Amino acid sequence: MSIVKWEKANNVAIVFMNREGNKQNLAFAQAMNSVLAEVINDPDITATVLASTDPKHWSIGVDVEWVLSQMKEPGAPRVKEFMYTMNEVFKKLLLFPVPVIAAINGHAFGNGALLACTCDFRMMNEARGFFCFPEVDLGIPFLPGMTAFSRKAIPEYKLNELVFTGKKATAGELSADHVLVKSCENAEVLMEEALSFAGKLQKKRGIFGELKKRMHKSIIEVLEKEDPAYIDSLFLFVKD
């Protein structure tokens, strides 16, 4: 079974994260990078919906068990490769030259919530799922790039609350705080609304891509500068 797969609905690409929980590890990052490249190489695609085949979870974030097992290896090369590859995924979405809509059908935790933040728009299922940054309770600090691109998606007052409390936010709450463009009554309505919204975004790639490049220039710079200080040094956890 593919970790990530995609299909076309007219001119809209639907990218499905395709595993239970959609935990993020090196294989996930590589698969996502590959599929996003395929999507953008299709000139007929005018928008993308990022969805999940797991009815309970959109993405519950980093595969912590995998990371901890890989940290036992000298220098943890696969953990570093995962972090670098996941940063490539984040950058690719931040610069994607067609609109990207996150259709959050279930739980989006940690790196899963951050993945949604890289998208241009977010919609969420009211009937199931929470949006949460549990890093404060897990001892996993945001990398600077994560902070930078979460700020473009979440108002500062709300981001402050979510990051420092680790609370689980509902779709209704996120809609009220303008993190979502729409809160949908169930998963079926969510996909209908996401596809309808995506289908109406018939923007030219040149201008759309250039706008994103300029708007997100400072975020990309932060992502590219953080590598030696945090990833190469494996400064990824805080124990006390």
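Which residue forms a salt bridge with Asp177, and how many Å apart are the closest N and O atoms? Here are some friendly notes on that pair and its relatives; please keep in mind that this is a predicted model.

1. The partner is Lys158, with 3.2 Å between the closest N and O atoms. This pair links distant parts of the chain: Lys158 sits in helix α7 (residues 156-165), while Asp177 belongs to the loop between α8 (171-176) and β10 (182-184), 19 residues apart.

2. Have a look at the burial of these two as well. Lys158 has a relative accessibility of 3% and counts as buried. Asp177 is also buried, at 13%.

3. The pair does not stand alone: a network of salt bridges links Lys158 and Asp177 with Glu161, Lys167 and Glu173. In total, the structure holds 16 salt bridges.

4. Another one worth a look joins the side chains of Lys8 and Asp42, at 3.1 Å from N to O. Lys8 is in strand β1 (residues 4-9) and Asp42 in the loop between α1 (26-40) and β3 (47-52), so the salt bridge ties together parts that are 34 residues apart in sequence. Asp42 counts as buried at 15% relative accessibility, whereas Lys8, at 40%, counts as partly exposed.

5. Helix α3 (residues 77-94) offers a local case: Glu88 and Lys91 both lie in this helix, 3 residues apart, about one turn. Their side chains meet in a salt bridge of 3.0 Å, N to O. Lys91 counts as buried with 14% relative accessibility, and Glu88 as partly exposed with 36%.

Definitions and conventions
Residues numbered from 1 in each chain as written. Predicted model: local features only at pLDDT ≥ 70, side-chain atom pairs only at ≥ 80, totals over all residues. Heavy atoms only, no water. Salt bridge = Lys/Arg side-chain N within 4 Å of Asp/Glu carboxyl O. Helix = DSSP H or I, 4+ residues; strand = E, 2+ residues; numbered from the N terminus. Buried < 20%, exposed > 50% of the residue type's maximum accessible area, 1.4 Å probe, protein only.
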